[in-house]
Amino acid sequence: MNAFASAPGKVILFGEHAVVYNRPALAVPVTQVHADVEVLDSPRAGIFINAPGIDLHAELNSLPSDHPIASVVLKLFQRFEISQRPDLEINISSTIPVASGLGSGAAISVALIRSLSSFLSQPLSDNEVNSLAFEIEKLHHGTPSGIDNTVITYNKPVYFIKGQPIETFKVGKPFTIVIGDTGVSALTKESVGDVRRLWLRDTANFENCFNEIAQIALIARRSIEHGKPELLGELMDHNHSILQNLTVSSPELDKLVKAARNAGALGAKLSGGGRGGNMIALAEQDKAESVADALISAGAKRTIITEIS
Ligand code: PMV
């Protein structure tokens, strides 16, 4: 007996940070990268977790119960009221770069929840997968908005407002995004914490910034739905400058954003928690390669060209 599930990466197009303060954000799946989980019967006693990408080869009981992967398995056993644990091999692999804003943790959680529930013949609705993945996100990321687990569970563009029912939306005309990785790993928890401290000190100013970002997210959604993605370029530039004001950009991110614009991108911004991780640029399809090359020349460690449709 075996079961398999895969989950995509994700990128936030608009609205990071403001989303923590109940403003809307737009995020889309990135299917070029994915987390894959296979669950198999094991000939040996125990539950063995193999994740060669992070050098993890361990029996479940040897891991702390709050370990990001062990906690998913334990939560599911609890959810399904399983007291007699089966003997399992769990093989995890992922092409999603870690700690760079592409949702690697949430994708592993979602793929693990789905493969394990299917192996145990305990089907879960998307809604249930999403809320379990959110519980895991909360264990490891402080006060996440839930945007990562939502876009990854539903594998569709989402217009996300914290705590509200999921809203997916249609893409009127496909468009191309180039993702550039600074290679600097940055903890979202820290940038979110810093923004909170600044917000407490300067609430009116930060609330204004969040309102402006909310406007951008709303206009961006309409532009995408109405098949006018070229309008997103200017919105990205504007959103990036507000994120700079919120102090979550970095010299590396600013350099890549500038390089993308100079190479003909229609607009660019950081994406996710900031301070490191990834930026995104909107490019006409035939310019995407040259924007990606310019990002590499400006120091990007890796680029991904993805079509949003
Ligand atoms: O760094 P990422 O891609 O996981 O995104 C974080 C997005 C924030 O809005 C900064 C935080 C959140 O929980 O939504």
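# Reading a predicted fold, one feature at a time

Tutor: Let's begin with charge. This protein carries 27 positive and 33 negative side chains, and the centres of the two sets lie 5 Å apart. Keep in mind that we're looking at a predicted model.

Student: Okay. What helices and strands does the protein have?

Tutor: There are nine helices and eleven strands. For overall dimensions, the C-alpha trace spans about 60 × 40 × 35 Å along the principal axes.

Student: How does the radius of gyration of the protein fit with a compact globule?

Tutor: The idea is to set the value beside what a globule of that length would have. For 309 residues, a compact globule would come out near 19 Å, and the protein has 20 Å, which agrees.

Student: How much of the protein is buried?

Tutor: Of the 309 residues, 54% count as buried. As for the outside, the accessible surface is about 13,400 Å², and carbon and sulfur atoms hold 50% of that.

Student: And what can I learn from contacts?

Tutor: You look at how far along the chain the partners sit. Take the contacts here with a separation of 6 or more: 72% of them are between residues 24 or more positions apart.

Student: Can we zoom in on a strand? Where do the side chains of a strand point?

Tutor: In a regular strand, side chains alternate between the two faces of the sheet. Now try strand β3, residues 47-51. One side has Ile47, Ile49 and Ala51, the other has Phe48 and Asn50, and all of these are buried, so both faces are covered.

Student: Why is β3 said to be largely enclosed?

Tutor: Because five of its five residues are buried, β3 is largely enclosed by the rest of the structure.

Student: Which strands does β3 pair with?

Tutor: Check the direction of each pairing as you go. With β5 (residues 88-94), β3 runs parallel, joined by four bridges. With β4 (residues 56-59), the pairing is antiparallel, again over four bridges.

Student: Which residues stand opposite each other?

Tutor: On the β5 side, Ile49 faces Ile90. On the β4 side, Ile49 has Ala58 as its bridge partner, while Phe48 is partnered by Glu59.

Student: What sits between β3 and β4?

Tutor: The two strands form a hairpin with four residues between them, and Asp55 there takes a positive phi near 60°.

Student: Which other residues have a positive phi?

Tutor: Among them are His17, with phi near 70°, and Thr247, at about 70°. Neither His17 nor Thr247 is a glycine.

Student: Where are they, and are they buried or exposed?

Tutor: His17 is in the loop between β1 (2-14) and β2 (25-41). The cut-off for buried is under 20% relative accessibility, so His17, at 5%, counts as buried. Thr247 belongs to the loop between α7 (232-245) and α8 (251-262). Its relative accessibility is 34%, so Thr247 counts as partly exposed.

Student: One more loop, please. Where is Pro86?

Tutor: Look between α1 (68-79) and β5: Pro86 is in that loop. With 24% relative accessibility, Pro86 counts as partly exposed.

Student: What does Pro86 touch?

Tutor: Skip residues up to four places away in sequence, and Pro86 touches Gly46, Ile47, Phe77 and Leu120. Ile47 is one of the buried residues of β3 you met earlier. For a sense of distance, the C-alpha atoms of Pro86 and Lys269 are separated by 47 Å, and the two residues are 183 apart along the chain.

Technical notes
Residues numbered from 1 in each chain as written. Predicted model: local features only at pLDDT ≥ 70, side-chain atom pairs only at ≥ 80, totals over all residues. Heavy atoms only, no water. Rg over C-alpha atoms; globule rule 2.2 N^0.38 Å. Buried < 20%, exposed > 50% of the residue type's maximum accessible area, 1.4 Å probe, protein only. Contact = heavy atoms within 4.5 Å. Areas by Shrake-Rupley, 256 points an atom, 1.4 Å probe, with all protein chains shown as cover. Lys, Arg positive; Asp, Glu negative; His and termini not counted. Charge placed at Lys NZ, Arg CZ, Asp CG, Glu CD. Pairing = 2+ DSSP bridges.
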